[in-house]
Amino acid sequence: MAGCARGSAARRLSEARDLRIGRPLLRLPVRFSGESLAREVSALPQGAWMEHPAKLDGNIAVPLVSPGGALTNDAFGPMGPTPWLGHCRYIREIMQALDCTWGRSRLMGLSAGAEVPEHVDVHYYWRTHLRIHIPVITNPQVAFTGGGETIHMAAGECWILDSFFPHSVANQGSETRIHLVLDTVGSAHLWDLIRSAQGGSTKDTLIAPGETPLRPMGFEQLNAPAIMSPWEMRAHVSYIGEWTDEQPGRDEILAVVDRFVMAWSGTWARFGPSEPGLALYAQHLEEVEAALARLGGPEVKMRNGLLLLDTIGHFILGNAIAPAMMQRVRSAPPPGGITAFQKALR
């Protein structure tokens, strides 16, 4: 049995193919004019800046792409350009040149002396997105630390962040650091840039203002499932397994989750992402949560310090059914009675 478990883990590792970059930060072989960006951003009114959604001291932002183009920091919903993006032609050119479908995107400021403490982003949003950082206004005393390495990103450089690694930022300089921060699920062009960077490319292509003709951009319209497909679940399980070294309790937890995904697959084959299957999907969630609670045993930690069970909750169980659909489970029990899971939801 142990050999089977180890074989299953090995298959997860070999099958896990993901958009991740394998390190906290990767510099892409493209750069932009830091001076032109700084002029454009400095021309925005002070009233464009909003406080960080987590109210972190010294952290401010200008929304550029948001749900419906509203002036909000929300991450989910059909995305569109905000009025402030319309004021920033060169930023639109940069986004056009990178040729991605864009999710939430912002200018993000970090005041002099402020910092973002070390953390790992475990929200579902970060599992499905990569974050592009392009420094606009910076100084040599701004330091990013991740994966045991501290670096400074120079103005105009283009970096990708994998926020599932522990990371922190500190601005020990005397002026506010501003980055253009673009979130995306990716594109073929971005994949090519990543592969070139991973291959050791040292030649940067400068994309100066006015070089990229503007055309309609693509913005996310779907960024969270109504009911998660079993194929997406398997991708998450593979990724989580890849991040978790062998230790007592690991294989037992993953086996429970594998059983859950197989049950979910059977229901998906019958109902797909439709409401008639909601009660069964809710029952599968009830059963897997109960099974995981019964395991007991030692805490299983991933290499980034997160608990395996918590991550499964964030990536899979907590997003298997969208909140709006889960509300229908609460308010419209199926014929045959209310399940224990539904009672717990009330």
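Asp99 is partly exposed, with a relative accessible area of 40%. In this predicted model, Asp99 belongs to the loop between α4 (89-98) and β5 (101-110). Its phi is near 55°, a positive value in a residue other than glycine. Asp99 comes directly after α4, and that helix is a convenient way into the interior of the chain.

Helix α4 is mostly covered, since eight of its ten residues are buried, where buried means under 20% relative accessible area. The eight are Tyr90, Ile91, Glu93, Ile94, Met95, Gln96, Ala97 and Leu98. Charged and polar side chains are thus part of that list, with Glu93 and Gln96 among the buried residues. An α-helix has 3.6 residues a turn, so residues three or four places apart point the same way.

The helix leads to the largest nonpolar core, a set of 44 residues. Within this core, Leu28, Phe32, Ile91, Leu98, Leu107 and Ile134 touch the most other members. The element that gives the most to the core is α4, with six residues. Ile134 shows how the surroundings of one such residue are made up. Neighbours within four places in sequence left aside, Ile134 is in contact with Phe32, Leu37, Ile94, Leu98, Gly156, Glu157, Cys158, His179, Leu180 and Leu182. Ile94 and Leu98 in that list are also among the buried residues of α4. A second, separate core has 39 residues, including Val257, Trp268, Leu278 and Val329.

Two of the contacts of Ile134, Glu157 and Cys158, point to strand β10. This strand spans residues 157-161, and five of its five residues are buried. Both of its faces are covered: Glu157, Trp159 and Leu161 are buried on one side, Cys158 and Ile160 on the other. Strand β10 has pairing partners in β1 and β7. With β1 (residues 25-32), β10 pairs in the antiparallel sense over four bridges, and here Leu26 stands opposite Ile160. With β7 (residues 130-137), β10 also runs antiparallel, joined by three bridges. In that pairing Arg131 stands opposite Leu161.

Ahead of β10 in the chain is the loop from β9 (149-151), which holds His152. His152 is partly exposed, with a relative accessible area of 33%. Its C-alpha atom is separated by 6.2 Å from that of Val142, ten residues away along the chain. Apart from neighbours within four places in sequence, the contacts of His152 are Thr138, Asn139, Pro140 and Val142.

On the other side of β10, the loop that runs to β11 (167-171) introduces the aromatic residues. The chain has ten aromatic pairs by the rule applied here. In one of them, the ring centres of Phe164 and Phe315 are 5.5 Å apart and the planes are at 40°, so the pair is tilted. Phe164 lies in the loop between β10 and β11, and Phe315 in helix α10 (residues 308-315), so the pair ties together parts that are 151 residues apart in sequence. Both rings belong to buried residues: the relative accessible area is 3% for Phe164 and 1% for Phe315.

Phe315 also pairs with Tyr239, again in a tilted arrangement, at 6.5 Å centre to centre and 35° between the planes. Because Tyr239 lies in helix α7 (residues 230-242) and Phe315 in helix α10, this pair ties together parts that are 76 residues apart in sequence. Tyr239 is buried, as is Phe315. Ring pairs link these residues further into a cluster made up of Phe164, Phe165, Tyr239, Trp243 and Phe315. The ring of Tyr239 has a charged partner as well: the charged end of Arg127 sits over it, 4.0 Å from its centre. A second case of this kind involves Arg104, whose charged end sits over the ring of Tyr125, 5.3 Å from its centre.

The totals place these details in the whole chain. It contains twelve helices and 14 strands. Of its 346 residues, 51% are buried. Among contacts with a separation of 6 or more, 78% are between residues 24 or more positions apart. The chain exposes about 16,100 Å², and carbon and sulfur atoms supply 54% of that area.

Key:
Residues are numbered from 1 along each chain as its sequence is written. This is a predicted model: local features need pLDDT of at least 70, side-chain atom pairs count only at pLDDT 80 or more; totals for chains, interfaces and linings use all residues. Side-chain values use heavy atoms; hydrogens and water are left out. Buried means under 20% relative accessible area, exposed over 50%, partly exposed in between (1.4 Å probe, protein chains only). Helices (H or I, at least four residues) and strands (E, at least two) are DSSP runs, numbered from the N terminus. Two strands pair if DSSP finds at least two bridges between them. Rings of Phe, Tyr and Trp (its six-membered ring) pair if their centres lie within 6.5 Å; planes under 30 degrees apart count as stacked, over 60 as edge-to-face and the rest as tilted. A charge sits over a ring if NZ of Lys or CZ of Arg is within 6 Å of the ring centre and within 35 degrees of the ring normal. Contact means heavy atoms within 4.5 Å. Accessible areas come from the Shrake-Rupley method with a 1.4 Å probe; for residues, only the protein chains shown count as cover. A nonpolar core is a set of buried Ala, Val, Leu, Ile, Met, Phe, Trp, Tyr and Cys residues joined through side-chain atoms within 4.5 Å.
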